[in-house]
Amino acid sequence: MTKESDLQKISSLATQVAQAAALGSTAGLNLLLAEMNALSAMMPGMTAARPSECSCEEQEARARAADAEVEASFDNMPV
């Protein structure tokens, strides 16, 4: 009977390790998502308002302005 109880203990520990690993990777991915969201707010053209906050015409105008800004910056690049 000790072998069965030892196997149950090992199984329980393995389960706890797997759960801890899953929680750790989830925390790491949540941190990565937060960093990506923060960086995307700093990128040109990525600061457009949410769709419910402005009309399609406003979104298109902002997208065109951001594209024009990016294209204009290519003209200033050294060869």
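Let me start with one residue: E60 is partly exposed, at 45% relative accessibility. What you have in front of you is a predicted model, so please hear every value as computed from that model.

E60 has a partner. Which residue forms a salt bridge with E60? The partner is R64, and the closest N and O atoms of the pair are 3.5 Å apart. That counts as a salt bridge because the cut-off is within 4 Å. In general, side chains of opposite charge can pair when their charged atoms come close.

Where do the two residues sit? Both belong to helix α2, which covers residues 56-75. They are 4 residues apart, and that is about one turn of the helix. R64 has a relative accessible area of 54%, so R64 is classed as exposed, the limit being over 50%. E60, at 45%, stays in the partly exposed class. How many salt bridges does a search of the whole structure find? The answer is 1.

Now the other helix. The chain has 2 helices and 0 strands, and helix α1 runs over residues 2-42. L32 is in helix α1. L32 is partly exposed, with 40% relative accessibility. Together with L29 and M36, L32 makes a nonpolar surface patch of about 310 Å².

Last, the chain as a whole. It has 79 residues, and 3% of them count as buried. The area exposed by the chain is about 7,100 Å², and 64% of that is supplied by carbon and sulfur atoms.

To recap: the salt bridge joins R64 and E60 in helix α2, and the nonpolar patch is made by L29, L32 and M36. That is what I have for today.

Key
Residues are numbered from 1 along each chain as its sequence is written. This is a predicted model: local features need pLDDT of at least 70, side-chain atom pairs count only at pLDDT 80 or more; totals for chains, interfaces and linings use all residues. Side-chain values use heavy atoms; hydrogens and water are left out. Patches are made of residues with over 30% relative accessible area and no salt bridge: like charges are joined within 9 Å, nonpolar side chains (Val, Leu, Ile, Met, Phe, Trp, Tyr) within 5 Å. Accessible areas come from the Shrake-Rupley method with a 1.4 Å probe; for residues, only the protein chains shown count as cover. A salt bridge is a side-chain nitrogen of Lys or Arg within 4 Å of a carboxyl oxygen of Asp or Glu. Buried means under 20% relative accessible area, exposed over 50%, partly exposed in between (1.4 Å probe, protein chains only).
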